[in-house]
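The following report describes the fold of a single protein chain, beginning with a turn and then moving to the sheet, the helices and the core.

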Amino acid sequence: MRGILSKVFVVLSLLSLLASCVVVEDLKHSKAKPSKIQRDGIINVASRATGVTTDKAGMLTLFYVPVASTRIKGDISANLMHSVDIALQEAGYNAEGGSSYSSADAGYLKAHLKELKLGNFFAINTATVSLKLRLETREGEILWEDLVRSRVKTLTNDYDRTSTRAMNRLVRAMSKRFSQEDFYRASQRVKRHNDFLKENVELSK
């Protein structure tokens, strides 16, 4: 009996050691495609997401017992905003030669990381990414906001693949959301306001 327990202890120790070496190289998407509804316009995108305080993204478990933390290399904050930028482009915004108005007439899109979690359930890897998106004026007035979330499960021990699938799904969800009417109307508010001010100035001359 003691010999069996010793073997089990050795196996668990080895698995724990292997798990502790699992690090996701980067948090990024691998593919995107244009949304069904295409819009036109300019959106200023923040360079970094807020809410990123650590590279730790959850725990790996062995028979429900946490054995090691999952960590992500690379610049998580910048990579999240790059995915937001790609999602905007997939919805038609910020296209080269597209909209005629300048970035001074556009809102500012920011993102706050609400949840980033990589883990497992026995042999199934899980990944969750949740972003609070806000479109603001230069002065910080909120024009639009929403929470976008992605969650995937994969039957693989490749955590890079799992996180990439989660990011691919997140980009698709954001692209679909950006193409909807309420976001499009919100993205036009700054330009409409500036046009209104210009008209009043011209009429007063």
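In the hairpin formed by E6 and E7, five residues lie between the strands, and glycine 140 there takes a positive phi near 95 degrees. In the hairpin of E5 and E6, which has two residues between the strands, phenylalanine 122 has a positive phi near 55 degrees. Helices (H or I, at least four residues) and strands (E, at least two) are DSSP runs, numbered from the N terminus.

This is a predicted model, in which local features need pLDDT of at least 70 and side-chain atom pairs count only at pLDDT 80 or more, whereas totals for chains, interfaces and linings use all residues. Residues are numbered from 1 along each chain as its sequence is written, and side-chain values use heavy atoms, with hydrogens and water left out.

**Overall composition**

The chain contains five helices and seven strands, arranged from the N terminus as α-β-β-β-β-α-β-β-β-α-α-α. Of its 205 residues, 41% count as buried; buried means under 20% relative accessible area, exposed over 50%, and partly exposed in between (1.4 Å probe, protein chains only). The chain exposes about 12,000 Å², of which carbon and sulfur atoms supply 55%; the areas come from the Shrake-Rupley method with a 1.4 Å probe, and for residues only the protein chains shown count as cover. Among contacts between residues at least 6 apart in sequence, 72% join residues at least 24 apart, where contact means heavy atoms within 4.5 Å.

**The sheet**

Four strands form an open sheet in the order E2-E5-E6-E7, with mixed pairing. Its edge strands, each pairing on one side only, are E2 (44–45) and E7 (142–154). Two strands are taken to pair if DSSP finds at least two bridges between them. Strands of a sheet pair through backbone hydrogen bonds, either parallel or antiparallel. The pairings are set out below.

| Strand pair | Direction | Bridges | Example of opposite residues |
|---|---|---|---|
| E2 and E5 | parallel | two | valine 45 and leucine 109 |
| E5 and E6 | antiparallel | 13 | histidine 112 and lysine 132 |
| E6 and E7 | antiparallel | 12 | valine 129 and serine 150 |

Leucine 109 stands opposite valine 45 of E2 and also opposite leucine 135 in E6. At the E2 edge, asparagine 44 lies in strand E2 and counts as buried because its relative accessibility is 15%. Leaving aside neighbours within four places in sequence, asparagine 44 is in contact with Ser103, Ala106, Gly107, Tyr108 and Leu109.

**Helices lying across the sheet**

Helix H2 (residues 76–90) lies across E2, E5 and E6 and runs at about 115 degrees to E5. Helix H3 (residues 159–178) lies across E5, E6 and E7, at about 145 degrees to E7. Axes are lines fitted to C-alpha atoms, for helices over the stretch in contact, and angles run from 0 to 180 degrees between N-to-C directions.

H2 is mostly covered, with 11 of its 15 residues buried. The buried positions include Ser77, Asn79 and Glu90, as well as Leu80 and Val84. The helix reaches 21 Å from its first C-alpha to its last, close to the 21 Å expected at 1.5 Å a residue; the expected span is 1.5 Å times one less than the number of residues.

Why does serine 77 count as buried? Its relative accessible area is 5%, so serine 77 is placed in that class. Apart from neighbours within four places in sequence, serine 77 is in contact with Ser47, Arg48, Ala49 and Val52. Serine 77 and leucine 113 are 36 residues apart in sequence and 8.5 Å apart in space, C-alpha to C-alpha.

In the loop between H2 and E5 is asparagine 94. Its phi is near 55 degrees, a positive value in a residue other than glycine. Asparagine 94 counts as partly exposed, at 26% relative accessibility.

**The nonpolar core**

In soluble globular proteins, nonpolar side chains tend to be buried together. Here a nonpolar core is a set of buried Ala, Val, Leu, Ile, Met, Phe, Trp, Tyr and Cys residues joined through side-chain atoms within 4.5 Å. The largest such core has 40 residues, of which Leu80, Val84, Leu131, Leu133, Met174, Phe178 and Phe183 touch the most other members. Strand E3 (56–62), H2, E5, E6, E7, H3 and helix H4 (181–187) each supply at least two residues of this core. Methionine 174, with neighbours within four places in sequence left aside, is in contact with Ser83, Val84, Ala87, Leu131, Leu133 and Val148.
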